[in-house]
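Here are my comments, as numbered points. Please read them with the structure open.

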Amino acid sequence: MERSKKLVLVAHCLLNSNSKVAGLVKKQEEIQKILSLLLEKKFGIIQLPCPELTLYGIKRWGHVKEQFDTPYYRRHCREIFQPYLDQIIDYRAVGYEIKALIGIDGSPSCGVNKTCSACWQGEVADLKPDELMSLKIINEAGIFIEVIKKILKAKEIEIPLIAVDEENPFLAREKIEQL
Ligand code: SF4
């Protein structure tokens, strides 16, 4: 069988929804359609690591971007991406194409166009209702995606970014169709 020599990088939880913050698994049938489309198009799929799971574990609370916007978390993101950067460089050097990097909109880490924002800190049980309600979606990337974009830019590597919006996952399918 001939190799497609085409690859996509995907956020970890697209292939493993178990990695998500408890309770956040939505629209899995639609996600499966996205994965089926990637396979139909004969893309090799590289699963990126989950930056939150690998630092805070499976029992973590849901966070907002501001809570992850620290030098420590950004360093963690850089470190876990490094082996994947090496693969990207290696594949490209011998003619493989990295067709896209697919993130998860709304995530404080893997959001591409949208992330979640609030002024949260302290004991979860002490959060006042108005502090809880201050959670909003803003038009920015999450921290892991920001870190990846900066690294790729420094290496002059262009990879199209596609966002899976779990409220409207079919939008990502349309973009993947065009790859
Ligand atoms: S950090 Fe990224 S990979 Fe991990 S669960 Fe959140 S969106 Fe998925």
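1. Leu135 first. This residue is partly exposed, with a relative accessible area of 42%. Leu135 sits in the loop between helix H6 (129–133) and strand S5 (136–138). Beyond its neighbours within four places in sequence, Leu135 contacts Val64, Cys116, Ser117, Ala118 and Trp120. Val64 is 71 residues away in sequence, yet the two C-alpha atoms are 8.0 Å apart. Keep in mind throughout that this is a predicted model.

2. Which residues form the smaller nonpolar grouping around here? The largest nonpolar core has 46 residues, and Leu38, Phe81 and Ile102 have the most contacts inside it. Apart from that core lies another, of five residues, among them Val64, Cys116, Ala118 and Trp120. Val64, Cys116, Ala118 and Trp120 are also among the contacts of Leu135. Leu135 itself, at 42%, is partly exposed. A core residue must be buried, under 20% relative accessible area, so Leu135 does not qualify as a member.

3. Back to the 46-residue core. The elements that give it two or more residues are S1, helix H1 (12–15), helix H2 (28–40), H5, strand S3 (97–104), H7, S6 and helix H8 (170–177). In soluble globular proteins, nonpolar side chains tend to be buried together.

4. What does Ile102 touch? Not counting residues up to four places away in sequence, its partners are Leu9, Val10, Ala11, Leu14, Leu38, Ile162, Val164 and Ile176. Leu38 appears in that list, and Leu38 is also one of the residues with the most contacts inside the core.

5. Ile98 belongs to strand S3. At 10% relative accessibility, Ile98 is buried. Its partners, leaving aside neighbours within four places in sequence, are Leu7, Leu9, Ile88, Tyr91, Arg92, Ile159 and Pro160. The Leu7 pairing deserves a look: 91 residues separate Ile98 and Leu7 in sequence, but their C-alpha atoms are 4.8 Å apart.

6. Pro160 is the other end of one of those contacts. This proline lies in the loop between H7 and S6. At 42% relative accessibility, Pro160 is partly exposed. Outside four places in sequence, Pro160 touches Ile98, Lys99, Ala100 and Leu101. Ile143 is 17 residues from Pro160 in sequence and 17 Å away, C-alpha to C-alpha.

7. Is Leu85 buried or exposed? Leu85 is buried, at 3% relative accessibility. Its place is in helix H5 (residues 71–93). Setting aside neighbours within four places in sequence, Leu85 contacts Ile151, Leu152, Lys155 and Ile157. The C-alpha atoms of Leu85 and Ile148 are separated by 8.9 Å, with the two positions 63 residues apart along the chain.

8. Two backbone angles to check. Lys5 has a positive phi of about 55° although it is not a glycine. Lys5 lies in the segment before strand S1 (6–10), and is partly exposed at 37% relative accessibility. Glu156 also has a positive phi of about 55° and is likewise not a glycine. Glu156 is found in the loop between helix H7 (143–154) and strand S6 (161–164). At a relative accessible area of 70%, Glu156 is exposed.

9. Now the whole chain. There are eight helices and six strands. Along the sequence the order is β-α-α-β-α-α-α-β-β-α-β-α-β-α. Among contacts between residues at least 6 apart in sequence, 76% join residues at least 24 apart.

10. Overall dimensions. A compact globule of 179 residues would have a radius of gyration near 16 Å; this chain has 17 Å, which agrees. The C-alpha atoms fill a box of roughly 60 × 35 × 25 Å along the principal axes.

11. Surface and charge. Of the 179 residues, 44% count as buried. The accessible surface comes to about 10500 Å², and 51% of it belongs to carbon and sulfur atoms. There are 26 positive and 25 negative side chains. The centres of those two sets lie 4 Å apart.

Notes: Residues numbered from 1 in each chain as written. Predicted model: local features only at pLDDT ≥ 70, side-chain atom pairs only at ≥ 80, totals over all residues. Heavy atoms only, no water. Helix = DSSP H or I, 4+ residues; strand = E, 2+ residues; numbered from the N terminus. Rg over C-alpha atoms; globule rule 2.2 N^0.38 Å. Buried < 20%, exposed > 50% of the residue type's maximum accessible area, 1.4 Å probe, protein only. Contact = heavy atoms within 4.5 Å. Areas by Shrake-Rupley, 256 points an atom, 1.4 Å probe, with all protein chains shown as cover. Lys, Arg positive; Asp, Glu negative; His and termini not counted. Charge placed at Lys NZ, Arg CZ, Asp CG, Glu CD. Core = buried A, V, L, I, M, F, W, Y, C linked by side-chain atoms within 4.5 Å.
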